[in-house]
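Dear colleague,

Please find the structure below, handed over for your use. A short account of its pockets and core comes after it.

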Amino acid sequence: MQGVLQQLHSGAASVFYAQKTRMYHVGIAFAGDMFQLAYYDRAGCVLSGTHNVHKNPALLVRVVMGLSFLDGSYLGKDPSIISRDDHEYITVAGVEYEIMKMVVCSGDILSKGTICWRCRRPGSREQFVIKSKWTSIDRRMTEADFLRELRGVDGVVQLVSEEKVLRRNGCPQDTLWLREVLHGPERLAVLKDHPRMQLRRLVLKPCGREVCP
């Protein structure tokens, strides 16, 4: 099983690299008659126990059906980014922006997952930068707090708006929602060893020119 899990880890890294807006990823590892579920997000990996295919066929069928037919937002895709008329749009703080170009992207799983897009409001020529990143829940001041403190200082970007990205149920998109349902010593170990992170988005202006090497 360890060898199969290593292959699954590599596959998860490829998914995060190829799908820039993925919030988490779920995979199944098969080794002989045994299978195991693996959940990946920016804080690392959480593994289920191992289950026998023949002793738990109903569980395996439920998992496969879920991964095959659930809406993509339940499987880690960002529901706040939509495609329409061959263009992509992102909504932040209730305002929709058209994504013109991705300018920065961090592809590592264990990272802040920072992504920056050059955007504009539909029907407007004014451009903005939308910055999406996973930040520590335990920080007393966020990047947005610092920008508010520095409002009006020459050379510092202006914060237009910011928000915590929410899941479909209205709760924050963070790395705790699955780990907190664990029980016993496993819960304490997982929460101790994994960073507590949540996804935030900032809308910034002005949008400067790219620096060419």
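The notes that follow cover the pockets and then the nonpolar core.

This is a predicted model, in which local features need pLDDT of at least 70 and side-chain atom pairs count only at pLDDT 80 or more, while totals for chains, interfaces and linings use all residues. Residues are numbered from 1 along each chain as its sequence is written, and side-chain values use heavy atoms, with hydrogens and water left out.

The largest pocket (an open set of points on a 1 Å grid over the protein atoms alone, where a 1.4 Å probe fits, with protein on both sides within 12 Å along at least five of seven lines) has a volume of about 760 Å³. Its lining (residues with an atom within 4 Å of a point) comprises 28 residues, and Val26, Tyr39, Tyr74, Trp177 and Leu178 lie nearest the centre. Helix 2 (57-69) contributes at least two residues to this lining, as do strand 2 (34-41) and strand 3 (44-47); the largest share, 5 residues, is from helix 2.

The second largest pocket has a volume of about 250 Å³. It is lined by 14 residues, with Lys20, Thr21, Asp78, Ile81 and Glu88 the closest to its centre.

Ile81 also belongs to the largest nonpolar core, which has 11 residues. Such a core is a set of buried (under 20% relative accessible area, 1.4 Å probe, protein chains only) Ala, Val, Leu, Ile, Met, Phe, Trp, Tyr and Cys residues joined through side-chain atoms within 4.5 Å. Strand 8 (115-120) gives the most to this core, 3 residues.

With kind regards

Key:
Grid points are joined across faces, edges and corners, and a volume is the space filled by probe spheres set on the points. Helices (H or I, at least four residues) and strands (E, at least two) are DSSP runs, numbered from the N terminus. Buried means under 20% relative accessible area, exposed over 50%, partly exposed in between (1.4 Å probe, protein chains only).
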